[in-house]
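Thanks, everyone; I would like to use these few minutes to talk about empty space inside a protein, and about the place where a ligand is held. Let me put the structure up, and then we can go through it together.

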Amino acid sequence: MALQGKTAIITGSNSGIGLGMAWRLAREGADVVLNSYTDNEDDHALAAQIAKETGTAARYIQADLSNGAQARALVEQAGVCDILINNAGIQHVAPIDEFPVAKWDAIMAIMLSSVFHTTAAALPMMRASGWGRVINVASAHGLTASPFKSAYVAAKHGVVGMTKVVALETAQEPITANAICPGYVMTPLVESQIPDTMEKYSMDRETVIRDVMLQRQPSKEFATTDQLGGVATFLCSDDAAQITGTTLSVDGGWTAL
Ligand code: NAD
């Protein structure tokens with residue numbers, strides 16, 4: 001198994017893309033550390049299920065990544081970090097002049113500042129073990145913009161910039177840093193928006209998906225969380241050892257438009 005002996009910390013991984021990546025990396029043999037800000041039985045049960053089904057040492061560590069000290073503590077509590085996947089994220093949509101300051105601050109803290117904190121805590125561990133991969137889940141919105149998403153677009157562009165800096169600072173070490181930039185990915189969050197949108201526009205499911213949700217995604221197909229886990233697995237491979245400081249779009253052609 002490709003990732004046996006490696007430990008991966010995946011932030012924001014009790015649902016969606018992070019959880020899909022955790023499953024995929026565990027199936028590839030990695031010991032995964034799941035995380036979110038909650039500390040529910042379900043969170044720990046997810047880790048237990050991954051451990052049971054993959055035979056790896058999956059565990060769950062609670063940390064609220066809007067708090068820099070907790071972001072660092074997540075990595076320190078894990079104790080080892082070969083692969084760091086910065087994935088946690090939230091969204092808020094509003095025009096700039098109406099954008100709530102608290103939402104701006106939360107998005108910046110969870111999606112940009114936490115990447116700084118976890119990376120700062122993880123790099124010494126990667127250096128100590130002589131190998132490391134930093135994988136930041138950015139977005140097509142890390143490369144292009146949409147109206148009403150000022151904080152999200154700014155944070156994701158920031159993550160792409162941060163990725164390049166980490167790559168340059170580790171360029172002569174066996175550590176790489178890259179950003180994956182998904183377009184629309186089928187997650188429970190996206191799935192849950194379909195019924196309301198169908199009602200709002202009086203459209204059937206297929207039309208909502210094609211003409212509303214995937215309007216900017218030329219392939220007219222969602223990426224899957226497992227595909228993103230596959231891309232992360234590739235970035236962890238020896239074949240990807242010279243890929244650093246770049247972005248990998250998984251967006252069905254969105255950013256080619
Ligand atoms: P999601 O809501 O299913 O997952 C977000 C995760 O972040 C959850 O586990 C949540 O608990 C966690 N999280 C939120 N606030 C947190 C906090 N304060 N501390 C710790 N964890 C916190 O959404 P998703 O679609 O899986 O998104 C995951 C990442 O992928 C995000 O960074 C998002 O911006 C990015 N992304 C998603 C899509 C998409 O279409 N779904 C597209 C491009 C990029």
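Let me begin with the largest cavity, whose lining is made up of Thr-11, Asn-86, Asn-87, Ala-88, Ile-110, Met-111, Ser-114, Val-115, Val-137, Lys-156 and Val-159. Please keep in mind throughout that what you see is a predicted model. The volume of this largest cavity is about 50 Å³, and if we count cavities of 30 Å³ or more, we arrive at one. Two helices, α4 (101–129) and α5 (150–169), each contribute at least two residues to its lining, and the largest share, four residues, is supplied by α4. Sorted by class, that lining consists of six nonpolar, four polar and one charged residues.

Let me now turn from the cavity to the largest pocket, which has a volume of about 1,600 Å³. It is lined by 46 residues, and those closest to its centre are Ile-90, Gln-91, Tyr-152, Leu-189 and Val-190. The elements that give two or more residues to this lining are α1, β2, α5, α6 (188–201) and α7 (205–213), with α6 giving the most, five residues. By class, the pocket lining comprises 23 nonpolar, 19 polar and four charged residues.

Where, then, does the ligand sit? The ligand sits in this largest pocket, surrounded by 28 residues, of which the closest are Asn-14, Ser-15, Ser-36, Asn-87 and Tyr-152. Asn-87, which we have just met in the lining of the largest cavity, is thus also listed among the residues closest to the ligand. The shell around the ligand receives at least two residues from each of α1 (16–27), β2 (31–36) and α5, and its residues divide into 13 nonpolar, 13 polar and two charged.

Finally, I would like to point out some individual contacts to oxygen atoms of the ligand. A polar side-chain atom of Ser-36 lies 2.6 Å from a ligand oxygen atom, while for Gly-12 a backbone N or O atom lies 3.2 Å from an oxygen atom of the ligand. For Val-185 the polar atom again belongs to the backbone, and the distance to an oxygen atom of the ligand is 2.8 Å. As for how far the ligand is covered, taken alone it exposes 820 Å², and the protein buries 89% of that.

Technical notes. Residues numbered from 1 in each chain as written. Predicted model: local features only at pLDDT ≥ 70, side-chain atom pairs only at ≥ 80, totals over all residues. Heavy atoms only, no water. 1 Å grid on protein atoms, 1.4 Å probe; cavity = no way out; pocket = protein on both sides within 12 Å on 5 of 7 lines; lining within 4 Å. Points joined across faces, edges and corners; volume = space filled by probe spheres on them. Nonpolar A, V, L, I, M, F, W, Y, C, P; charged D, E, K, R; others polar. Near = heavy atom within 4 Å. Polar contact = N/O pair within 3.5 Å; in protein donor to acceptor, adjacent residues only side chain to side chain. Areas by Shrake-Rupley, 256 points an atom, 1.4 Å probe, with all protein chains shown as cover. Sits in = over half its atoms within 2 Å of the grid points.
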